[in-house]
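Biologist: I would like a close look at one part of this model. Please start there and then work outward to what surrounds it.

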Amino acid sequence: MSGVGQAVSGELIGEQQSSTGSAVQIMRRFLRHRLAMPSLVVLVLLLVVCFGAAVIAPYPRGLQDLLLGPTGPSPEHWLGTDEIGRDYLSEILYAGQVSLAIGLAVAVLSTLVGTALGAIAGYVGGWIGELLMRITDLFLIVPAIALIAIIVQGLGPSPVTIVLALAALGWTYIARVVRGQVLSLRERDFIDAARGIGASSVRIIASHLLPNLVGIVVVAMSLSVASAIIVESTLSFLGFGVQPPDTSWGAMLSQAAGYVGTDRVYLLYFPGLFILVTVLCVNFIGDGLRDALDPQGKQL
Amino acid sequence: MITFVARRALYSLPVILVASFVLFWAVRSTFDPLAKLRQVNDPQAIQRAIEQMGLDRSIPEQYLIWLRSFVTGDWGVSSRTGTPVLPLIGEALWPTLQVAFWGLVVAVVIAGAISVFSAVRQYSIGDHILTGASYIGIAMPAFWFGLILIQTFAVWPREAFGLAEPPLFFIGLHSSGSSDPLDYLRHLVLPVSALMIALVATWSRYGRAAMLDALASDYVRTARAKGVPRRQIIWRHAARNALAPFVTVVALDAAVLLGGLVVTEQIFAIPGMGRLFLQSLVAADVYVLLPWMIVVAVAVVICNLLADLGYALLDPRVRLR
């Protein structure tokens, strides 16, 4: 019985997916995207230089040159040096490890939680769904940055608590998006068919709903990487984020904020530019994925 | 309309109550309200505080005790300043309201203008430049933009041209003792710009989409066929209809705007709610943090209510019930 069910619903899902195209077509559309493809290249490059900093960075981490002190960009130090003569480029690459890792970890965590809870809220509905959605409503009425700062401060600031705090708020957005999509999918014929032949709810969610949610989830995930990187930098700037000796782009900016009005103000520009480029790339990749997965612009 | 407002206010009450309980629970389980007293090491004072706040009871009971005094206007005493919390928040509200008001007004006007321009001249060079700028505005940490503004428009021109004072100020909302409107304006420009950049970027993209939708609709085609002047089609037919969804997006970002104020006030040393929050958080001053959160939550709920009223005003098809 279940074998027949799989065949029938499999066919119907095949039909479902033909509107968005096969994996090869999706890939081809993404590769042709004018902004997404270069962005992907730049982002991969950033990931490689940051996480390969031990090999790639021109100077070892935290190497001080007190005699040199702060200098502007030069052939020896491309982005100059800071107060205590550390090579700023090397510092930025190591700080990028923390910023990027937090961004990615938050995205993965909030996507997993958000997708699971959003799918349950949409598919099961009832009081559980209602309760979940009311919880996401609560997060809309208090400023996220204030709530996150309280959580991080309460738990003690560390990269792990920052990830947890950001994910604790980040899942609500994804859950909302997923629920909306599940509500419309639930009414479709192929779900009725699966239910008609006796498939269990777990099975319907896992093998019929989730495959159809991939597009919307991937796009939401890219947005959550971007916002996590920005919020982390803001948190660190306000003093509630990454604490020394750990460092992130936001923490570096927090230091450099004191250089406004001095001749070392160039130190302010570089970490911010790294954040800007990273978030731009992530957003363009998100746009590219959206266009590739849904060329008619109907669902996403 | 009065029944609508009353109904919505009644509906918002449990939301705020639940939110306040969750916040109370979160703050109580992560912060020690007796931290300050413990430093003094006075067992009697600690015992008195425990009895007063019912700290030996369960969290829901503590919450009820706290709620009773909160509702009756007894908001407690700040452990940081040693002064009552209610006037502390009252004083902080005024500067925040000013910056929020100007930020909102300027952001709506600029985002609206960009939306109409970009939609009417879709795919023109101007549209491409503005769309590109909005991508950058969204991808930038607001505090970084604010710091660059200070360097570019206050610090640099003063040094470069040897001025006695910077053309735009970046500390506080007015020079001490001055009530000159020009002085006020010179203080406002930078914080308002830093506050609104991300909002303008987001809103103009929504607005552009809403405007494009309106321009592609049947009534615009009909108006065009009838020979209605172009200007009138854009402003009276399309823009008015695009305004309703635009207002909804703006109102939903009320909490984002208030969050942005925390950062803006910190950079520009404005003694408002945002600074109060940061100072209280650093000092683990739970007596201020909780009322702060609730005042802000109420403000956001009011904004959402105003948005619904605005929506109904703009779109007569919407009936308020």
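Modeller: The close look starts with one helix and then moves outward.

This is a predicted model, where local features need pLDDT of at least 70, side-chain atom pairs count only at pLDDT 80 or more, and totals for chains, interfaces and linings use all residues. Residues are numbered from 1 along each chain as its sequence is written, while chains are lettered from A and ligands numbered from 1 in the order in which they are written.

The part is helix H7 (144-155) of chain A. Helices here are DSSP runs of H or I with at least four residues, strands are runs of E with at least two, and both are numbered from the N terminus. The expected span of a helix is 1.5 Å times one less than its number of residues. For the twelve residues of H7(A) that gives 16 Å, and the end C-alpha atoms are 16 Å apart, which agrees.

H7(A) is mostly covered, with eleven of its twelve residues buried. A residue is buried if 20 or more other C-beta atoms lie within 10 Å of its own, exposed if 12 or fewer, and partly exposed in between; the C-beta atoms are placed from the backbone. The buried residues include A:Ile145, A:Leu147, A:Ile148, A:Ile150, A:Ile151 and A:Val152. A:Gln153 and A:Gly154 are buried too. Just after the helix, A:Gly156 takes a positive phi of about 95°.

What covers H7(A)? Both chains contribute: helix H8 (159-186) and H10 of chain A, together with H1, H11, H12 and H13 of chain B.

That leads to the interface. Two residues are in contact if their C-beta atoms, placed from the backbone, lie within 7 Å. By that test, 31 residues of chain A are in contact with 34 residues of chain B. On the chain A side, the elements giving two or more residues are helix H6 (126-138), H7, H10 and helix H12 (266-293). H7(A) gives the largest share, eight residues. The chain A side divides into 23 nonpolar, seven polar and one charged. Ala, Val, Leu, Ile, Met, Phe, Trp, Tyr, Cys and Pro count as nonpolar, Asp, Glu, Lys and Arg as charged, and the others, Gly among them, as polar.

Now the partner chain. Chain B has 13 helices and zero strands. Its C-alpha atoms fill a box of roughly 85 × 60 × 35 Å, taken along the principal axes. Of its 321 residues, 36% are buried. Among its contacts between residues at least 6 apart in sequence, 68% join residues at least 24 apart.

H1(B), one of the helices covering H7(A), also packs on a helix of chain B. H1 (residues 2-30) and H4 (residues 59-71) pack at an angle of about 115°, with axes 10 Å apart. The axes are lines fitted to C-alpha atoms, for helices over the stretch in contact, and angles run from 0 to 180 degrees between N-to-C directions. B:Phe21, B:Phe24, B:Trp25 and B:Arg28 in H1(B) meet B:Ile59, B:Gln62, B:Tyr63 and B:Trp66 in H4(B). These divide into six nonpolar, one polar and one charged.

H11(B), H12(B) and H13(B) also help cover H7(A). The loops between them hold two residues with unusual phi signs to check. B:Ala269 is in the loop between H11 (254-267) and H12 (273-282) of chain B. Its phi is near 50°, a positive value in a residue other than glycine. B:Ala269 has 12 C-beta neighbours inside 10 Å, so it counts as exposed. B:Ala284 is in the loop between H12 and H13 (286-314) of chain B. Phi of B:Ala284 is near 50°, again positive in a residue other than glycine. With 18 C-beta neighbours inside 10 Å, B:Ala284 counts as partly exposed.

Back in chain A, H10 also covers H7(A). A:Ser236 lies in H10(A). It counts as buried because it has 29 C-beta neighbours inside 10 Å. A:Ser236 and A:Ser248 are twelve residues apart in sequence and 7.9 Å apart in space, C-alpha to C-alpha. Leaving out residues up to four places away in sequence, A:Ser236 touches A:Gly241, A:Val242, A:Ser248, A:Gly250, A:Ala251 and A:Ser254. The loop between H10 (201-238) and H11 (249-256) of chain A holds A:Pro245. The peptide bond from A:Pro244 to A:Pro245 is cis, with omega near 5°.
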